[in-house]
Amino acid sequence: MLMISPITNKDKGFAMAGQTKILDMEARNYDFIEIIPNDILDEALKLVASNLKKG
């Protein structure tokens, strides 16, 4: 399983945390593009957790 978040092409490098998804990578064809640095990942996870609490 892999957590992914789309990145906009309008705001340079803006991850859309509200559209984060969990995918089974064994069941899908995919291209690995880039990995997020740990400090940014920690912040993104806080935002996702905040969104889950609201929903």
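Reader: What percentage of the 55 residues of the protein count as buried?

Author: This is a predicted model, and a residue is called buried under 20% relative accessible area. Among the 55 residues of the protein, the share that meets this criterion is 9%.

Reader: In which element is confidence highest, and what is its mean?

Author: Across the protein, the mean pLDDT is 79, with 95% of residues reaching 70 or more. The elements run β-β-α from the N terminus. Confidence is lowest in strand 1 (residues 2-4), at a mean of 73, and highest in helix 1, at 84.

Reader: Is Ile35 buried or exposed?

Author: Ile35 is located in the loop between strand 2 (21-23) and helix 1 (38-54). Together with Tyr30, Phe32, Ile36 and Ile40, Ile35 makes a nonpolar surface patch of about 560 Å². The threshold for the exposed class is over 50% relative accessible area. Because its relative accessibility is 66%, Ile35 counts as exposed.

Reader: Which accessibility class does Arg28 belong to?

Author: Arg28 is placed in the loop between strand 2 and helix 1. The intermediate class covers values between 20% and 50%. Arg28 has a relative accessible area of 49%, and is therefore partly exposed.

Reader: How many Å apart in space are Arg28 and Met1, C-alpha to C-alpha?

Author: In sequence, Arg28 and Met1 are separated by 27 residues. In space, their C-alpha to C-alpha distance is 11 Å.

Reader: What part of the area that the protein exposes do carbon and sulfur atoms supply?

Author: The C-alpha atoms fill a box of roughly 30 × 25 × 20 Å along the principal axes. The protein exposes about 5,300 Å², and the part supplied by carbon and sulfur atoms is 55%.

Notes:
Residues numbered from 1 in each chain as written. Predicted model: local features only at pLDDT ≥ 70, side-chain atom pairs only at ≥ 80, totals over all residues. Heavy atoms only, no water. Patch = residues over 30% accessible without salt bridge, like charges linked within 9 Å, V, L, I, M, F, W, Y side chains within 5 Å. Areas by Shrake-Rupley, 256 points an atom, 1.4 Å probe, with all protein chains shown as cover. Salt bridge = Lys/Arg side-chain N within 4 Å of Asp/Glu carboxyl O. Helix = DSSP H or I, 4+ residues; strand = E, 2+ residues; numbered from the N terminus. Buried < 20%, exposed > 50% of the residue type's maximum accessible area, 1.4 Å probe, protein only. pLDDT = per-residue confidence, 0-100.
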